[in-house]
Amino acid sequence: MLAKRLATLAPSATLAVQAKAKELKRRGIDVISFGAGEPDFDTPQRVKDAAIEAMRRGQTKYTEVPGILELREAACAKFKRDNGLDYEPADVLISCGAKHTLYNIVVALVDPGDEVIVPSPYWVSYPEQVRLLDGVPVIVPTREETGFDLDPEGIAAAVTAKTKLIVLNSPNNPTGAVFSPATLEAVGRIAVERKLWVISDECYEALTFEGRHVSIASFGPEIKARTIVVNTCSKAYAMTGWRIGFAAGPRPIIRAMTDVQSQVTSNPSSIAQWAAVEALSGPQDDVAKMAGEFDRRRRLVVDGLNALPGVRCVMPKGAFYAFANVSGLFGTRRAGGATLTGSTDVASFLLEDARVAVVPGADFGSDAHVRMSYATSAALIGEGLTRMAAALKTLG
C-alpha cells in the first residue's frame, strides 16, 4: 500500500528516545534524559517581543516563498559578520527549520542513483533524506583518535563518477567535533577538482568552544561557489519550536530550492520570521551566555563519563553532545542474564536499570558509542552520572 521508498526509512532515533523518556515520565517514572537535541534555555525575551509586535502589526499573512526580505538581509549580515562571507538576499532561502532546508537541497540536487558522501558518525537524517530521493549515501568513517576530524583522503577515495554531493557538519552532531581548517580546505579542494557540491551544515556554529568556527565556504571563491551553507535559529537562540532555518549558496541552486519549497510548504511562519530578524540582528549577549554554560557542562559530563568503568569519551569541541565509547561494556552481563552486545543494548540497560536515557550510537553510524546531550542542568548531569555509575556496578 505504501510507497516502496518508505521500506528502508528509519524513524528519527533522537526523537524516539525523547518520546520514550517523556512517556515514562508521564507514567510517574523518574527518568533523566540525555536525548534532547535542543537547548534547555528559553528563547530570549527580545525575540518573543519581536514576534508579539509582528502580530500586533498584522504580519500574519503569507510572505514571499524564500522569506521576507528583512530576514534574508539579516542572514546576509550574519554571514558577513560571523563568517566573512558575502551574499545577497537572492542567494538566501528561509525554510521551516534546517532539516527542511537540507531536504530542499537534496530534492534540488540528487537524482536516483546519485551518490552522496557522508562522513561518519553523522546526524541521523542525512542518509535517510538521500534514500528518500533514491540516492545512495556513501559513508566515510572518521576516527576517534583524531577527535573525529574529517578524513580528506578517505573522502577522495570514496568519490566515483556517480558522486554528486558531500555533506559536512561542523560543529558535529553527534560527536561534538569541530573540523580543522586544514581538513575543511582539503575537502573543499576535492569538491572543486571533482566538480562536486558541498552541504556545510553549520547549525551549531555558535557553540564552538575551542578556537573559532570556520566555514568551508570561506576558503576562496572557487570553494564558495560549490558550497551551500546551512544554518538555523534553533540552536544559537533556543528557537527549536519556531522552525526557522536558512541556506546561502549559488543562486541557481537557491532558486531551485525555492521552487521546491513553493510546491511543498511555501513560506515559513511569518511571525517566526520577524522573530528571527531580531534574533540575528539584535544583541548577541544571550548566545555568549548560553555557550559559556554549555562549555562548563561539557567538561562536567566528559570528566564524569571518563570516570566510569568501561566508558571513555573524547572532549567535544562544539555543539552540546558527548559521544561516549561504551565498547568496553560489550560482553558484560546484566543482572537478569542478558549480555550487552552493542549500543542499543547499552542504551536499553541504562534506561531500564539506571533510568537514564541516551541515544544508541548505531543510529549515528557507530555502534561503539552512545550520544549524550548535555542540554540539561548541571544538577541533572551529576545525578545522571551517579545513576549510571551505580547501574554499571551491577554488570557481571
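This report walks through the sheets, a helix pair, the aromatic contacts and some backbone details of a predicted model.

## The seven-stranded sheet

Let's start with the bigger picture of the strands. An open sheet with mixed pairing is built from seven strands, arranged in the order β2-β8-β7-β6-β5-β3-β4. Its edges are β2 (92–95) and β4 (136–141); each has a single partner strand, so one side of each is left without a neighbour in the sheet. On average, and ignoring direction, neighbouring strands here are turned by 20° against each other.

At the β4 edge, β3 (residues 115–120) and β4 run parallel and are joined by six bridges. Within this pairing, Val 116 has Pro 137 of β4 as its bridge partner. Towards the other edge, helix α3 (residues 69–83) lies across β2, β7 (227–232) and β8 (245–248), and runs at about 115° to β2.

## The three-stranded sheet

A second set of strands is worth a look. Here three strands form an open sheet in the order β9-β12-β11, and the pairing is antiparallel. The edge positions belong to β9 (321–325) and β11 (359–360), each of which pairs on one side only.

Five bridges connect β9 with β12 (residues 369–373) in the antiparallel sense. If you would like a place to find this pairing in the structure, Asn 325 stands opposite His 369 in β12.

## Where α12 meets α13

Two packed helices are described by the angle between their axes and the distance between the axes. For helix α12 (residues 343–354) and helix α13 (residues 378–392), the axes come within 10 Å and cross at roughly 100°. The angle therefore makes α12 roughly perpendicular to α13.

On the α12 side, the contact is made by Phe 349, Leu 350, Asp 353 and Ala 354, while α13 contributes Arg 387, Met 388, Ala 391 and Leu 392. By type, these residues divide into six nonpolar, no polar and two charged.

## Aromatic contacts

Across the whole structure, a search finds 11 aromatic pairs. One of them is the edge-to-face pair of Phe 41 and Phe 294, at 5.4 Å centre to centre with 85° between the planes. This pair links distant parts of the chain, 253 residues apart: Phe 41 sits in the loop between β1 (32–33) and α2 (45–56), and Phe 294 in helix α11 (residues 285–306). Phe 41 counts as partly exposed, at 30% relative accessibility, whereas Phe 294 is buried, with a relative accessible area of 0%.

Phe 79 and Tyr 87 also form an edge-to-face pair, at 5.3 Å centre to centre and with 65° between the planes. Phe 79 counts as buried at 0% relative accessibility, and Tyr 87 is buried with a relative accessible area of 12%. Finally, one aromatic cluster is formed by Phe 41, Tyr 204, Phe 294, Phe 320, Tyr 321 and Tyr 374.

## Backbone details

Most residues other than glycine have a negative phi, and most peptide bonds are trans. With that in mind, here are some spots to check. A cis peptide bond joins Ser 120 and Pro 121, with omega about 0°; Pro 121 is in the loop between β3 and α5 (125–132). The bond from Ser 170 to Pro 171 is cis, with omega near -10°, and Pro 171 lies in the loop between β5 (163–169) and α7 (181–194).

Ser 266 is not a glycine, yet has a positive phi of about 60°. Its loop runs between α9 (251–262) and α10 (270–281), and Ser 266 counts as partly exposed at 26% relative accessibility. Arg 355, not a glycine either, has a positive phi of about 55°. Arg 355 is found in the loop between α12 and β10 (356–357) and counts as partly exposed, at 30% relative accessibility.

Methods: Residues numbered from 1 in each chain as written. Predicted model: local features only at pLDDT ≥ 70, side-chain atom pairs only at ≥ 80, totals over all residues. Heavy atoms only, no water. Axes fitted to C-alpha atoms, helices over the stretch in contact; angles between N-to-C directions. Helix = DSSP H or I, 4+ residues; strand = E, 2+ residues; numbered from the N terminus. Parallel < 35°, antiparallel > 145°, perpendicular 65-115°, else oblique. Contact = heavy atoms within 4.5 Å. Nonpolar A, V, L, I, M, F, W, Y, C, P; charged D, E, K, R; others polar. Pairing = 2+ DSSP bridges. Phe/Tyr/Trp six-rings, centres within 6.5 Å; stacked < 30°, edge-to-face > 60°. Buried < 20%, exposed > 50% of the residue type's maximum accessible area, 1.4 Å probe, protein only.
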